[in-house]
2 protein chains.
Amino acid sequence: MENKENILKCALDLFYAKGYDAVGVQEIVEKAGITKPTLYYYFGSKYGLLETLLTTKFQLFSTTLRQAAKYDGDVAATLNRVAFAYVKCAMSNQKFYMLLMSMFYLPRENEAYKAVKPLIREFFFIIKKIFQDAKEQLGNMNHREEQFAVGFMGVINCYLIMICEQGEGKEIQITEDIIRSLVHQFMHGINS
Amino acid sequence: MENKENILKCALDLFYAKGYDAVGVQEIVEKAGITKPTLYYYFGSKYGLLETLLTTKFQLFSTTLRQAAKYDGDVAATLNRVAFAYVKCAMSNQKFYMLLMSMFYLPRENEAYKAVKPLIREFFFIIKKIFQDAKEQLGNMNHREEQFAVGFMGVINCYLIMICEQGEGKEIQITEDIIRSLVHQFMHGINS
DNA sequence: CAGTTTATATACCGAGCGGTATAATTACTG
DNA sequence: CAGTAATTATACCGCTCGGTATATAAACTG
């Protein structure tokens with residue numbers, strides 16, 4: 001059991017640094033100080049290792065966001081809650097978050113993309129639902145809920161990635177004020 | 001010479017679809033209907049092929065943007081010009097644009113990222129310079145020019161990628177109005 | 001203690017990787 | 001037409017890839 005978690009940790013480090021395709025199984029087991037059969041005993045395949053890594057680590061994001069995304073009649077407040085919860089998750093799991101992002105932008109026929117696709121979709125639906133729930137407040141959106149969802153996540157991710165790059169490793173504070181101004185900027189854009 | 005361009009075209013198709021790391025040299029030459037030594041005659045290595053592909057195709061983006069980014073005393077107008085020029089370039093070279101984007105989000109230690117890095121930097125400086133030039137109009141930015149540049153490109157890329165995904169292959173119009181509203185949204189955010 | 005399950009290592013597999021030595025062919029040049 | 005330079009193909013290189021057959025330990029279970 002100790003080995004299993006160690007393998008996951010080493011895999012995250014390497015995938016984060018070089019990308020799934022560029023990392024060999026040999027490299028992972030060497031870093032973990034074990035041998036191949038041990039890895040294959042736990043995960044079955046390199047792809048299985050990636051899937052396990054993603055799904056287990058994604059749990060936290062999923063439950064946290066679901067909680068925050070419960071629409072309470074105030075779009076701005078809900079978006080603020082979600083943004084803050086999201087940023088908090090991302091900043092306390094920077095490597096995993098950056099791995100997720102890099103995989104999200106992978107070409108669509110890439111194998112590794114297929115592993116993140118369901119996560120991204122789940123994610124997307126959580127955000128999209130906010131805008132669907134807020135129809136009476138935002139008015140008829142002409143099926144632009146999806147654009148809003150993409151735009152909202154895009155803005156936040158942009159700033160997050162920028163911050164993750166600037167201070168790699170360092171603990172940087174993203175204050176509630178910054179998030180609020182980000183959300184405000186987004187809201188103003190879609191209202192005008 | 002005909003072969004050389006054909007190789008570049010096939011490489012773009014494959015890199016775009018699967019990503020640099022996931023495509024083998026064998027696969028490229030088979031698609032191009034030639035053999036390995038021909039590829040190595042022209043490009044020296046797989047990495048060399050990537051570099052040639054990127055630099056040649058990036059020329060258009062670079063010159064077009066440089067032209068559009070000449071600050072004329074009106075930030076909004078300049079940003080609109082740049083955004084429009086950028087969108088036009090991207091939409092008429094969708095595959096290359098998407099390849100660029102996917103490579104931009106690659107992990108920093110990935111080999112292929114090292115090939116796009118200089119292009120991204122060049123790109124970034126062109127945008128950053130707009131904000132530096134506009135100091136008297138925007139006031140003291142407290143060295144936030146970089147954040148503005150990242151944010152500006154981020155917003156546009158978000159929407160572009162969304163559109164590229166929705167209508168892959170189809171020719172979708174992004175009107176000047178949409179771009180203007182995007183720029184306006186961005187401007188309002190940084191002014192308030 | 002015997003039997004079984006869990007966990008790990010040694011040693012290996014075929015396939016594909018990026019890359020090349022050599023040679024033949026084609027196209028230009030005197 | 002001879003000679004040279006530019007292009008292309010055949011056949012191969014060592015290496016790493018993801019993955020596994022087999023054996024052995026260690027840890028539970030009766």
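Begin with the second largest pocket of this predicted model: select A:Phe104, A:Ile120, A:Phe124, A:Val150 and B:Glu165, which lie nearest the centre of that pocket among its 27 lining residues. The space here amounts to about 800 Å³. Colour α6, α7 (111–133) and α9 of chain A together with α9 of chain B, since each of these elements gives two or more residues to the lining. The largest share, nine residues, comes from α7(A). By class, the lining of the second largest pocket holds 18 nonpolar, three polar and six charged residues.

Keep B:Glu165 selected and add A:Arg108. What joins the side chains of A:Arg108 and B:Glu165? The two meet in a salt bridge, with an N to O distance of 2.1 Å. Between chain B and chain A the count is two salt bridges.

Next, move to the largest pocket, whose volume is about 1,100 Å³. Select A:Glu165, B:Phe104, B:Arg108, B:Tyr113 and B:Ile120, the residues closest to the centre of this pocket out of the 36 that line it. Chain A contributes two or more residues from each of α1 (2–18), α6 (94–104) and α9 (145–166), while chain B does so from α6 (94–104), α7 (111–133) and α9 (145–166). Colouring the lining of the largest pocket by class shows 24 nonpolar, five polar and seven charged residues.

Now display both chains in full. How does chain B relate to chain A? A turn of 180° with a shift of 0.0 Å along the axis lays chain B on chain A with an RMSD of 0.0 Å. That is the relation of a two-fold axis. The same surface serves both copies, as 100% of the contact residues of chain B recur in chain A.

Select the interface itself: 28 residues of chain B are in contact with 28 residues of chain A. The size of an interface is often given as the accessible area lost when the parts come together. For chain B and chain A, about 2,600 Å² is buried between them, 63% of it on carbon and sulfur atoms.

Turn next to the enclosed spaces. Rolling a probe the size of a water molecule over the atoms shows where empty space is left. The structure holds three cavities of 30 Å³ or more. Which residues lie nearest the centre of the largest cavity? Select A:Asp21, A:Leu106, A:Asn110, B:Asp21 and B:Leu106, which hold that position within a lining of 22 residues. The largest cavity contains about 210 Å³ of space. At least two lining residues each come from α6 of chain A and from α1 (2–18) and α6 of chain B. The classes in the lining of the largest cavity are 12 nonpolar, six polar and four charged.

For the second largest cavity, with about 50 Å³ of space, select A:Gly151, A:Gly154, A:Val155, A:Phe186, B:Gly154, B:Val155, B:Cys158, B:Tyr159 and B:Gln185, which line it. Two or more of these residues come from α9 of chain A, and likewise from α9 of chain B. The element that gives the most is α9(B), with four residues. The lining of the second largest cavity has five nonpolar and four polar residues, with no charged ones.

Finish at helix α1 of chain A with A:Asp13 and A:Lys9, which lie four residues apart, about one turn of the helix. Their side chains meet in a salt bridge (3.2 Å, N to O). Over all chains, the whole structure has 24 salt bridges.

How values were computed. Residues are numbered from 1 along each chain as its sequence is written. Chains are lettered from A and ligands numbered from 1 in the order in which they are written. This is a predicted model: local features need pLDDT of at least 70, side-chain atom pairs count only at pLDDT 80 or more; totals for chains, interfaces and linings use all residues. Side-chain values use heavy atoms; hydrogens and water are left out. On a 1 Å grid over the protein atoms alone, a cavity is a set of points where a 1.4 Å probe fits but cannot get out, and a pocket is an open set with protein on both sides within 12 Å along at least five of seven lines; lining residues have an atom within 4 Å of a point. Grid points are joined across faces, edges and corners, and a volume is the space filled by probe spheres set on the points. Ala, Val, Leu, Ile, Met, Phe, Trp, Tyr, Cys and Pro count as nonpolar, Asp, Glu, Lys and Arg as charged, and the others, Gly among them, as polar. Copies are superposed by least squares on the C-alpha atoms of residues with pLDDT of at least 70 in both. Contact means heavy atoms within 4.5 Å. Buried area is the accessible area (1.4 Å probe) that two parts lose on being put together, summed over both. A salt bridge is a side-chain nitrogen of Lys or Arg within 4 Å of a carboxyl oxygen of Asp or Glu.
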